[in-house]
Amino acid sequence: MRLSSIAPVCVLCIAACGPVNSGPIVIELDRDRAVATGGSTEVTVAEGSAVSAKVETALPKQPPVSKLSPAEIADGWIQLFDGETLFGWKSNSDVNWSVADGVITADKGTKPGLLLTSVPFADYELRCDFWMAKGGNSGVFLRTPTVPTDPGVDCYELNICDTHPQGFNTGSFVKRQKPTNEVSGEEAWKTFYVRADGPRVVVKLDGEEVLDFTDKTDKPLKSGLIGLQMNSGLVKFRNVFVKPLGTKDLFNGKDLSGWREVPGSKSKFEVLDGTIHVTNGQGYWESEATFANFVLQAQVKTNGDALNSGIFFRGLPGKAGAYPGYEFQIQNGIKNGDRTQPADFGTGAIFRRQAARFVVSNDREWTTLTLVASGPTFATWVNGIPVTVWTDERQPATSGNPRDGLRLEGGHFSLQGHDPTTDLDFRNLSAVELP
């Protein structure tokens, strides 16, 4: 396509660089300007005098690059903050939260507020970098409701404030316990590491333990949202990661104990080299145990191109030909070479309900999946990156099957053999019920 209205002196065709470019760059040059179409680069062309053209074209978008190592992902760590957007977070006030250069920044609203995860967590490890202006007041809220009213009762407020009026300075749990040593949280990037395991919470700041707290009240907090606080002064957060704790193995790596075949299934399920190997279909193996609100983690590998499978949850006892529950989709196909266009909802989707916002995983590679189900809301991560958040606002299903409507009751997990082309492996399946 020619965009120059003046006959060009020369036309150059330059090969596009990189695997995601959409094609060659065509530059039309006249004596006053250079016009380029087709790729994305910055080009300098000489025709009498040098002309520089900044080329902006629509390249296929890519998922955020994971900030976790492959070992951390395999170990169950996930990103609460994808580094680019506020996807998966919700604000409980009018604080102006924004993202730039991999950092979440808070500007003062009319009153303090929290930026909260979409789903709760119970026992976990948390890592979070923060930066606070001198004289500021902020914090990281643990096991909190959407609108906490008293940090001594309904949440654990890990304070970031060097001048707290009651002395609950940086590293404190406000109204609960002060830090072991006096530390500063101002005017430098610092890192909190938190391990919340039952009633005990241990906090480190830049590797130094500052708090070892055990909730000895009659009602210790067991589960809740994670929140970033804006109270006063400029505050920034980055690298917010969590690793759920307490999941129990659903597969022992040796046999299919704890699982049972759905009658009438055509799929073949067998244990090979420590994995559940699935071929053929349609069919399911379902867990004997049931779960309602839970964290599920698993690894899957598709041994072919754009193969289709899934992990069903909150399902009724299965029967041949039926879809037994909500489906955590497994399908790595994309359209037009664009990972933001899943071919069939995409791995990490809630199938038929909410498509994955992009396809992170690749066929023939081990992929780590995480699903948190809390009431009607489900959040998923693929290789540690947040992919889907969906709330089921339908009326309850009269059939009890979430294919037909909302289901809050517990149900089975089911591994799917989709069709005769099915060829995939599962391993490291584990889950824990949320309090």
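User: What makes E23 and E32 count as paired strands?

Analyst: In this predicted model, E23 and E32 are joined in the antiparallel sense over six bridges. Two strands pair if at least two bridges are found between them, so E23 and E32 qualify as a pair. As an example of such a bridge, Tyr-284 has Gln-416 in E32 as its partner.

User: Which sheet has E23 and E32 in its order, and why are some of its strands called edge strands?

Analyst: The sheet is open, has five strands and follows the order E20-E23-E32-E25-E26, with antiparallel pairing. Strand E20 (259-261) and strand E26 (326-330) each have a single partner strand, so one side of each is left without a neighbour in the sheet; they therefore stand at the edges. From one strand to the next, the twist averages 25°.

User: How do you know that strand E12 and E13 pair?

Analyst: Strand E12 (residues 137-144) and E13 share five bridges in the antiparallel sense. Pairing requires at least two bridges, so the condition is met. The bridge partner of Ser-138 in E13 is Ile-160. An open sheet of five strands, with antiparallel pairing, has the order E7-E10-E17-E12-E13. Its edge strands are strand E7 (89-91) and strand E13 (156-160), each of which pairs on one side only. Neighbouring strands of this sheet are turned by 20° against each other on average, direction ignored.

User: Why is Arg-314 called buried, whereas Ala-306 is called partly exposed?

Analyst: The relative accessibility of Arg-314 is 0%. Buried means under 20%, so Arg-314 counts as buried. Ala-306 has a relative accessible area of 33%. That value lies between the cut-offs of 20% and 50%, so Ala-306 is partly exposed. Arg-314 is placed in strand E25, whereas Ala-306 belongs to the loop between strand E24 (294-302) and strand E25 (309-315).

User: What makes the phi values of Ala-306 and Arg-314 worth noting?

Analyst: Most residues other than glycine have a negative phi. Phi of Ala-306 is near 50°, a positive value in a residue other than glycine. Arg-314 also is not a glycine, and its phi is positive, at about 50°.

User: What is noted about the peptide bond from Gly-281 to Gln-282?

Analyst: This bond is cis, with omega near 15°. Most peptide bonds are trans. Gln-282 is found in the loop between strand E22 (275-279) and strand E23 (283-291).

User: How do you know whether Asp-392 is buried or exposed?

Analyst: Its relative accessibility is 3%. Since the cut-off for buried is under 20%, Asp-392 counts as buried. Asp-392 lies in the loop between strand E31 (385-391) and strand E32 (411-417).

User: What makes the pair of Asp-392 and Tyr-326 a polar contact?

Analyst: The side chains of Asp-392 and Tyr-326 are joined by a polar contact of 2.7 Å. The distance cut-off for such a contact is 3.5 Å, so this value falls within it. Not counting residues up to four places away in sequence, Asp-392 touches Tyr-326, Pro-376, Gly-405, Leu-406 and Arg-407.

User: Which members of the largest nonpolar core touch the most other members?

Analyst: They are Phe-121, Leu-126, Val-140 and Phe-237, in a core of 46 residues. The largest share of this core, five residues, comes from strand E11 (residues 124-132). Another core, of 38 residues, lies apart from it and includes Trp-285, Phe-291, Leu-296 and Ile-385. In soluble globular proteins, nonpolar side chains tend to be buried together.

Terms used:
Residues numbered from 1 in each chain as written. Predicted model: local features only at pLDDT ≥ 70, side-chain atom pairs only at ≥ 80, totals over all residues. Heavy atoms only, no water. Core = buried A, V, L, I, M, F, W, Y, C linked by side-chain atoms within 4.5 Å. Buried < 20%, exposed > 50% of the residue type's maximum accessible area, 1.4 Å probe, protein only. Helix = DSSP H or I, 4+ residues; strand = E, 2+ residues; numbered from the N terminus. Axes fitted to C-alpha atoms, helices over the stretch in contact; angles between N-to-C directions. Polar contact = N/O pair within 3.5 Å; in protein donor to acceptor, adjacent residues only side chain to side chain. Contact = heavy atoms within 4.5 Å.
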